[in-house]
Amino acid sequence: MAHAPIIEMHGINKQFGQVHANDSVDFTLQPSEIHAIVGENGAGKSTLMKILYGLYQPDAGEILVNGTRVDIPSPRRAMRLGLGMVQQHFTLIPVFTALQNIVLAKEPRKFGTLIDYQQAEKRIAELAAQLGFDVPLNTPVESLPIGAQQHTEILKVLYHGADILIMDEPTAVLAPQEIEGLFNCMRSLKDEGKSLIIITHKLDEVMAIADTVTVMRRGQTVNSRPITDTDPAMLAEMILGEPVIPTSVQREQTDQTTPMLSMEGITLTKNSDTVRKRGWKNVLSNRDPGKRHLNEINLEVFPGEIVGIAGVEGNGQTELVEVLTGLQHIDSGTLTLNGERVAHIPADRHRHGISLSDRIDDNFIIGHHKKSRYSRKGILQRKSIQRSALNALDKYQIRVGNITHPIKTLSGGNQQKVVVARELEATPEVIIAAHPTRGLDIHAAEFVHTRLIYARNRGKAVLLVSSELDELLHLSDRIAVMYDGKIVGVVKPTETNKQELGTLMLGLN
Ligand SMILES: Nc1ncnc2c1ncn2[C@@H]1O[C@H](COP(=O)(O)OP(=O)(O)O)[C@@H](O)[C@H]1O
Ligand SMILES: [Mg+2]
């Protein structure tokens, strides 16, 4: 090998209670390479990188930087070793300007220290220009778009003098064009001699950007190899530990003239009371009380149709689902539901989908407990509930030990399948599915896709909100793109591509 590795991690172990998040993990980073770490949700990727960045301490194992063994008790120490990390959730202070965020993170916070902002601004502006970033440095970051916030994070890390840049799922919040921009920035940093680590679960991104790929599964590294030595199918198999056999469901033609769900001029101005986990974005929207979260939305969903909703997170998708499922009342417009039964597969299953400490079988009847089948004169009909639950478990291939155990004993994927089973088995006419496969493994996600297409073929009207363009392109009959609370375009998957969708998602049309 021509170079000595810049980072070596050997036998890293980290346990959280019963969870073995990292189990004897080895990881090697070469100078001037782009190294992708892939794996399913929960595989241990973030944990490994947080250990490298000094946010977590390993229970065992050693780390070498440029061949020297080091302890990394804190991010401060990591920075001094030349490491920088852009985390999955940004760590910017919303009311500070981009400049303040970048500079303050570097300066030691001693009283009486004067910071020469002018000089700092000059250097940061140069850095930004080099990378092709257009960040208004004197604007509070809370009013910057997500893409510019990410640029601020990257500038912050580079201004610290990082030679090794770790990015945890940086593309999750970006539109396709922004992803291309990020990749160009990564390539130019690499050309300057920096090393970059990118965590992602999207295989096309790995193939597009990485020199080397490391696959993690269940807390272990299963493989690490040059990108030229692999292909997406092989990676998928390593990620899952078994071959992937894609199931394909026939789409049937449907011709319908009356919409099952119809929205006319739907407008929502006031703020939601529901506490949402949207980080600074949420702070931002609460500070802007006059903002129209939904602005004159017109959309129809016909029986036998899947209408996808695309958009960069925070452009009204959450509010749209809240309005459709009765969590929020609209200010104006007309919402017509021709179907009586609406199923809701929620984005955040822990808030709206399931009751973690309740029994698995009881979770099957949440929202349906008033049905006579399940309850007579206020008394729950245990036998009937259990029969339905067992049927659904079997049909949806959910393996459980004992249906009287709390649902929190199931894996996240199986919890989600319980929600999907419950909602679809209730014979709904309209199905609102918000990020129904988020956090699911590839098999479970395929399974949910299949069930949604079946439901469509049986004449259900499906509204599918997703941040995965591949999912939308694969499932939808039409895709409506949301930007800034409006629907800025409706396209057919067969007549569009990611570039066009991205242009709409960024409001560039
Ligand atoms: N701070 C923590 N406390 C408890 N469990 C954690 C913590 N961080 C991660 N885990 C658990 O460790 C496992 C690996 O998580 P993570 O490294 O975040 O996976 P990935 O980034 O690959 O999705 C998961 O089961 C997760 O729930
Ligand atoms: Mg992670």
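## A tour of the model, starting at ligand 1

Select Tyr56 and ligand 1: a polar side-chain atom of Tyr56 sits 3.1 Å from a nitrogen atom of the ligand. Keep in mind throughout that this is a predicted model.

**Stop 1: the ligand.** With ligand 1 still selected, add Ser46, which has a polar side-chain atom 2.8 Å from an oxygen atom of ligand 1. Then add Gly42, where a polar backbone atom is 2.7 Å from an oxygen atom of the ligand. On its own, ligand 1 would expose 560 Å², and the protein buries 63% of that area.

Two elements, strand 2 (19-29) and helix 1 (45-52), each supply two or more residues to the shell around ligand 1. Which of the elements gives the most to this shell? Helix 1 does, with three residues.

To show the whole shell, select Phe16, Val19, Ala21, Glu40, Asn41, Gly42, Ala43, Gly44, Lys45, Ser46, Thr47 and Tyr56. Colour the shell by class and you should find five nonpolar residues, five polar ones and two charged ones.

**Stop 2: helix 1.** Now select helix 1 by itself. How many of its eight residues are buried? Six are, and the helix is mostly covered. To see them, pick Lys45, Thr47, Leu48, Met49, Ile51 and Leu52. Move on to Gly54, just after helix 1, which has a positive phi of about 80 degrees.

**Stop 3: two loops with positive phi.** Most residues other than glycine have a negative phi. Two residues on this stop go the other way.

Select Arg218, in the loop between strand 9 (212-217) and strand 10 (220-226). Arg218 is not a glycine, yet its phi is positive, at about 45 degrees. Is Arg218 buried or exposed? Its relative accessible area is 74%, above the 50% cut-off, so Arg218 is exposed.

Next go to Gln397, in the loop between helix 13 (382-395) and helix 14 (412-425). Gln397 is likewise a residue other than glycine with a positive phi, here near 50 degrees. Its relative accessibility is 47%, which lies between the cut-offs of 20% and 50%, so Gln397 counts as partly exposed.

**Stop 4: helix 4.** Select residues 117-131, the 15 residues of helix 4. At 1.5 Å a residue, helix 4 should span 21 Å. Check this by taking the distance between its end C-alpha atoms: they are 21 Å apart, which agrees.

Colour the buried residues of helix 4, namely Ala120, Ile124, Leu127, Ala128 and Leu131. Why do they fall on the same side of helix 4? They do so because they cover an arc of only 100 degrees around the axis. Turn to the other side of helix 4 and give a second colour to Gln118, Gln119, Lys122, Ala129 and Gln130, which are exposed.

**Stop 5: Pro259.** The last selection is Pro259, in the loop between helix 8 (232-240) and strand 11 (261-268). Is Pro259 buried or exposed? With a relative accessibility of 14%, under the 20% cut-off, Pro259 counts as buried. Add Gly339 to the selection: Pro259 and Gly339 are 80 residues apart in sequence, while their C-alpha atoms are 9.4 Å apart in space.

How values were computed. Residues numbered from 1 in each chain as written. Chains lettered and ligands numbered in written order. Predicted model: local features only at pLDDT ≥ 70, side-chain atom pairs only at ≥ 80, totals over all residues. Heavy atoms only, no water. Near = heavy atom within 4 Å. Polar contact = N/O pair within 3.5 Å; in protein donor to acceptor, adjacent residues only side chain to side chain. Areas by Shrake-Rupley, 256 points an atom, 1.4 Å probe, with all protein chains shown as cover. Helix = DSSP H or I, 4+ residues; strand = E, 2+ residues; numbered from the N terminus. Nonpolar A, V, L, I, M, F, W, Y, C, P; charged D, E, K, R; others polar. Buried < 20%, exposed > 50% of the residue type's maximum accessible area, 1.4 Å probe, protein only. Expected span 1.5 Å × (residues − 1). Arc of directions from axis to C-beta.
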